[in-house]
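Student: Could you take me through one part of this structure in detail, and then show me how the nonpolar interior is put together?

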Amino acid sequence: MIHAVLAFDDEQAAAGALAQALGAPLRLIGHHRFPDGELRLTLPTPLAGDVVLYRSLHQPNEKLVELLIAAPTARAQGAARLWLVAPYLAYMRQDIEFSPGEAVSQRHIGALLARTVDGLVTVDPHLHRIAALDEVMPGCRSVALSAAPAIGAFVAAQRQRPLLLGPDSESAQWVQAAARAVSPALDHAVCQKVRHGDHEVRVTLPAGQDLRGRDVVLVDDMASTGRTLVAAAQLALAAGAARVDVAVTHALFVGDALAQLQAAGIGAVWSTGCVPHASNAIDVTPLLAAALRDQVA
Ligand code: R5P
């Protein structure tokens, strides 16, 4: 049984839906920013037993500080076990030292979170060269859920015979899982990508894949600047796709990303509720609730 779901007021809707699915009360954390930028957090009291802390880690830096303060305070108020529900887990892409001296942020942020909470539930963490979240979160119970099957089912309900296209090799895991979530499996393929900078990517379409007249849906774990999706969409349309839509787990969509997508001729943009965004169309609450029930039982 979960004693309470704690959340900040900017995520009240998603955390409230999770609390309702779990049959637990939603309790808000008071948040005050002092004039110098420091934070004062006020936790509900008393707490007991298994407590869920809901914090999706898009725009993560300040939220990590919030967690460092909130987690020990929740324990001091009586929480026996603390579960972080972070539908988006930040800092997962920096998973090797790409150049000498570069921080492997995945390892360090993972270890920090593992020391801060007892368990973590997340969705489609960007694990590429690392096989399992356990390696990133040593000594912490970690559950990596996937929204890909829900994305596949959602897309199949929106489009007739869509072709799911991953914009890079890293997306293959999500594209395959989405395609195979429906029967018969949806057609799918993946592009190749080379990134030259934050806003510069070069994408190559899969060799031998005929896109003429197809309803293409680009599927990826996340969109940040949107440049990956833009490059893939431009190529797909140039290759004769009838239309190109987008379905992602994490709608980061920073800066002018959405405008760029529109300018590239992309039609619908769908995302899960992991990161609150106007494109949210696929609910992950049942997935999160089932995982928590399993862990706490
Ligand atoms: C990286 O491989 C991820 O799966 C995404 O493809 C990437 O983060 C998208 O970034 P952006 O939207 O900035 O191109």
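Tutor: Happily; here is a look at one helix, followed by the nonpolar cores. Keep in mind that this is a predicted model.

Let's start with α9, which runs over residues 285-296. This twelve-residue helix reaches 16 Å from its first C-alpha to its last, close to the 16 Å expected at 1.5 Å a residue. Its buried residues are T285, L288, A289, A291, L292 and V296. Because these cover an arc of only 165° around the axis, they lie on the same side of α9. Turn to the other side of the helix and you will find P286 and D294 exposed.

What does the buried side meet? The buried residues of α9 pack against two kinds of element: the helix α1 (12-22), and the strands β1 (2-7), β5 (50-54), β6 (81-85), β7 (119-123) and β8 (141-145).

Now for the cores. In soluble globular proteins, nonpolar side chains tend to be buried together. Here the largest nonpolar core has 36 residues, and the members that touch the most others are L6, I29, L57, L84, L113 and M137. Two or more residues each come from β5, β6, α2 (60-76), α3 (105-116) and α4 (133-136), with α2 giving the most, five residues.

L113 is a good place to zoom in. Setting aside neighbours within four places in sequence, L113 is in contact with L57, L64, L67, L84, L89 and M137. There is also a second, separate core of 26 residues, with L165, L229, V246 and V248 among them.

Definitions and conventions
Residues numbered from 1 in each chain as written. Predicted model: local features only at pLDDT ≥ 70, side-chain atom pairs only at ≥ 80, totals over all residues. Heavy atoms only, no water. Helix = DSSP H or I, 4+ residues; strand = E, 2+ residues; numbered from the N terminus. Expected span 1.5 Å × (residues − 1). Buried < 20%, exposed > 50% of the residue type's maximum accessible area, 1.4 Å probe, protein only. Arc of directions from axis to C-beta. Contact = heavy atoms within 4.5 Å. Core = buried A, V, L, I, M, F, W, Y, C linked by side-chain atoms within 4.5 Å.
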